[in-house]
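Let's take a walk through this one, following the charged side chains from place to place. Keep the viewer open as you read.

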Amino acid sequence: MRIEIHVRGLKVDDSARMLFERRFKFSLTRLNNRVGRVDVYLSDMNGPRGGVDKRCQIVAEVLGLGQIVVEDKDSDLTNLIDRAAGRLGQTVRRRIARDRLRQRQRTHGIAVVN
């Protein structure tokens, strides 16, 4: 799994990047063989004015499922990364489980309803 963090309008040092990468890897534990690439886009929407203006958009390439996108906003960057990484892990696990269920239903001749 390859994780790339893209930052626009924020100051993120190397130690913070490493912390964020570790958090994303932890949220995707046991899914490494299904997740090929994760692009994290961090931006400051309002500039120095403050407020709930930091945005995190995550695009994960999941083998067999395509792209999964998770987006969140917060005023604190660390809380934002924590919550977005957790949501990414949950979303990927849920989509994989749904895909497995559909595959089982197809092999057993059960009609799949979207």
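Which residue does Asp-72 form a salt bridge with, and how far apart are the closest N and O atoms? The partner is Arg-87, with the closest N and O atoms 3.5 Å apart. Keep in mind that this is a predicted model. Asp-72 sits in strand 4 and Arg-87 in helix 2, so this pair ties together parts of the chain that are 15 residues apart in sequence. As for how open the two ends are, Arg-87 counts as partly exposed, at 35% relative accessibility, while Asp-72 is buried, with a relative accessible area of 13%.

Asp-72 has another arginine to deal with. Its side chain also meets that of Arg-83 in a salt bridge, at 2.7 Å from N to O. Arg-83 belongs to helix 2, which covers residues 77-107, and Asp-72 to strand 4, so here the parts being tied together are eleven residues apart in sequence. Arg-83 is partly exposed, with 35% relative accessibility.

Now step along to Glu-71. The side chains of Arg-55 and Glu-71 meet in a salt bridge as well, 3.0 Å from N to O. Arg-55 lies in strand 3 (residues 54-62) and Glu-71 in strand 4 (residues 66-74), so that pair links parts 16 residues apart in sequence. Both ends are partly exposed: Arg-55 has a relative accessible area of 24%, and Glu-71 has 34%.

Zooming out for a moment, the structure holds nine salt bridges. Some charged residues join up in a group: Arg-2, Glu-4, Arg-37 and Asp-39 are linked in a network of salt bridges. The general idea is simple enough: side chains of opposite charge can pair when their charged atoms come close.

So what about a charged residue without a partner? Try Asp-44, found in strand 2, which runs over residues 35-44. Asp-44 is buried yet has no salt bridge. The nearest side chain of opposite charge is Lys-54, and that is 4.8 Å away. A salt bridge here needs a side-chain nitrogen of Lys or Arg within 4 Å of a carboxyl oxygen, so the Lys-54 distance of 4.8 Å doesn't make the cut. Leaving out residues up to four places away in sequence, Asp-44 touches Arg-8, Gly-9, Leu-10 and Asp-53.

For the last stop, head over to Arg-93 in helix 2. Getting there from Asp-44 takes you 49 residues along the chain, and the C-alpha atoms of the two are separated by 29 Å. Arg-93 is partly exposed, at 40% relative accessibility. Setting aside neighbours within four places in sequence, Arg-93 is in contact with Ser-27, Thr-29 and Leu-31.

That brings us to how the helices meet. The axes of helix 1 (residues 14-27) and helix 2 come within 8 Å and cross at roughly 25°. Angles under 35 degrees count as roughly parallel, and helix 1 and helix 2 are therefore roughly parallel to each other. Their crossing is right-handed. On the helix 1 side, the contact is made by Phe-20, Arg-23, Phe-24 and Ser-27. Helix 2 contributes Leu-77, Ile-81, Asp-82, Ala-85, Gly-86, Leu-88, Gly-89 and Arg-93.

Notes
Residues are numbered from 1 along each chain as its sequence is written. This is a predicted model: local features need pLDDT of at least 70, side-chain atom pairs count only at pLDDT 80 or more; totals for chains, interfaces and linings use all residues. Side-chain values use heavy atoms; hydrogens and water are left out. Helices (H or I, at least four residues) and strands (E, at least two) are DSSP runs, numbered from the N terminus. Buried means under 20% relative accessible area, exposed over 50%, partly exposed in between (1.4 Å probe, protein chains only). Lys and Arg count as positive and Asp and Glu as negative; His and the chain ends are not counted. Contact means heavy atoms within 4.5 Å. Axes are lines fitted to C-alpha atoms, for helices over the stretch in contact, and angles run from 0 to 180 degrees between N-to-C directions. Angles under 35 degrees count as roughly parallel, over 145 as roughly antiparallel, 65 to 115 as roughly perpendicular and the rest as oblique. A crossing is left-handed if the near helix is turned anticlockwise from the far one by less than a right angle, and right-handed if clockwise.
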